[in-house]
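Visitor: Hello! Could you walk me through this fold, one question at a time?

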Amino acid sequence: MVEMSLKELFEVGKSFESSVGEGTKGERARIFKNNSRLNLTEEMISFIESIDCEVNFLVSGEIWCPDFQLNATVLKRFLDLNPNFNMSVITMARGKKFMAPLLGVDKESFKGPSVAVLDKDFNVLGLFEERPNAVRKIENFDDIKLDYYKGKYLLDTVNDFIQILKVI
């Protein structure tokens, strides 16, 4: 069986811009809309900008997925704020086949987008799966689904990534 390391997966992935470029006009438009809804606090911006070491975000997801459209947009903002951050996007199929076992995640329960937050040597710092923890804790997703897809939980995604980055 063929195996790939997290570094190899990162190297074969695409840039955020390339992955977005594969989407429909409507899917691409949602990226820009989500970005405009992302109002980071000064404290968040300062923290993101303060990280002075390389961080790699390996994203398994695809542009057609609304969760990707929301949560990968948050990471793109991180990259815009800090040149030490890098992102590579692989398909869900590649993520399930190669990334899931490396992260100790069951292939059948592997969600998209899944984001492995990695240090410069591709050691795992943390994992973000599909939606922010605040949304995952809500018993009935349908109760907040519309607000979620309108970007009202984007700062929760930011906070989840900040919590992971605090281990550095």
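Guide: Gladly. This is a predicted model, and its chain has nine helices and four strands.

Visitor: What pattern does the chain follow, read along the sequence?
Guide: The helices and strands number nine and four. Read from the start of the sequence, they give the pattern α-α-α-α-β-α-β-α-β-β-α-α-α.

Visitor: Why does the chain count as compact as a globular protein of that length?
Guide: The globule rule gives 15 Å for 168 residues. The chain is as compact as a globular protein of that length because its radius of gyration is close to that value, at 15 Å.

Visitor: Among contacts between residues at least 6 apart in sequence, what share joins residues at least 24 apart?
Guide: The count leaves out pairs that are not at least 6 apart in sequence. Of the contacts in the chain that remain, those joining residues at least 24 apart make up 73%.

Visitor: What is the order of the strands in the sheet?
Guide: The edge strands are S2 and S4 (124-129), each pairing on one side only. The sheet is open, has four strands and shows mixed pairing. Its order is S2-S1-S3-S4.

Visitor: Do S1 and S2 pair in the parallel or the antiparallel sense?
Guide: Six bridges link S1 and S2. Within the sheet, Leu58 stands opposite Ser88 in S2. The sense of the S1 and S2 pairing is parallel.

Visitor: Which residue in the turn of the S3 and S4 hairpin has a positive phi?
Guide: S3 and S4 run antiparallel and are joined by five bridges, with Ser114 opposite Glu129 in S4. Four residues lie between the two strands of this hairpin. The residue in the turn with a positive phi, about 65°, is Phe122.

Visitor: What angle does the direction of H5 make with that of S2?
Guide: H5 packs on the sheet and touches S1, S2, S3 and S4. Relative to the direction of S2, the direction of H5 makes an angle of about 150°.

Visitor: Which residues have the most contacts inside the largest nonpolar core?
Guide: That core has 37 residues. Helix H2 (16-21), helix H4 (42-50), strand S1 (55-60), helix H5 (66-81), strand S2 (85-90), strand S3 (114-119) and helix H9 (154-165) each supply at least two of its residues. Those with the most contacts inside the core are Phe57, Phe78 and Phe161.

Visitor: How many residues does the other core have?
Guide: This core lies apart from the largest one. Its members include Phe98, Met99, Phe110 and Ala116, and its number of residues is 16.

Methods
Residues numbered from 1 in each chain as written. Predicted model: local features only at pLDDT ≥ 70, side-chain atom pairs only at ≥ 80, totals over all residues. Heavy atoms only, no water. Core = buried A, V, L, I, M, F, W, Y, C linked by side-chain atoms within 4.5 Å. Buried < 20%, exposed > 50% of the residue type's maximum accessible area, 1.4 Å probe, protein only. Pairing = 2+ DSSP bridges. Contact = heavy atoms within 4.5 Å. Axes fitted to C-alpha atoms, helices over the stretch in contact; angles between N-to-C directions. Rg over C-alpha atoms; globule rule 2.2 N^0.38 Å.
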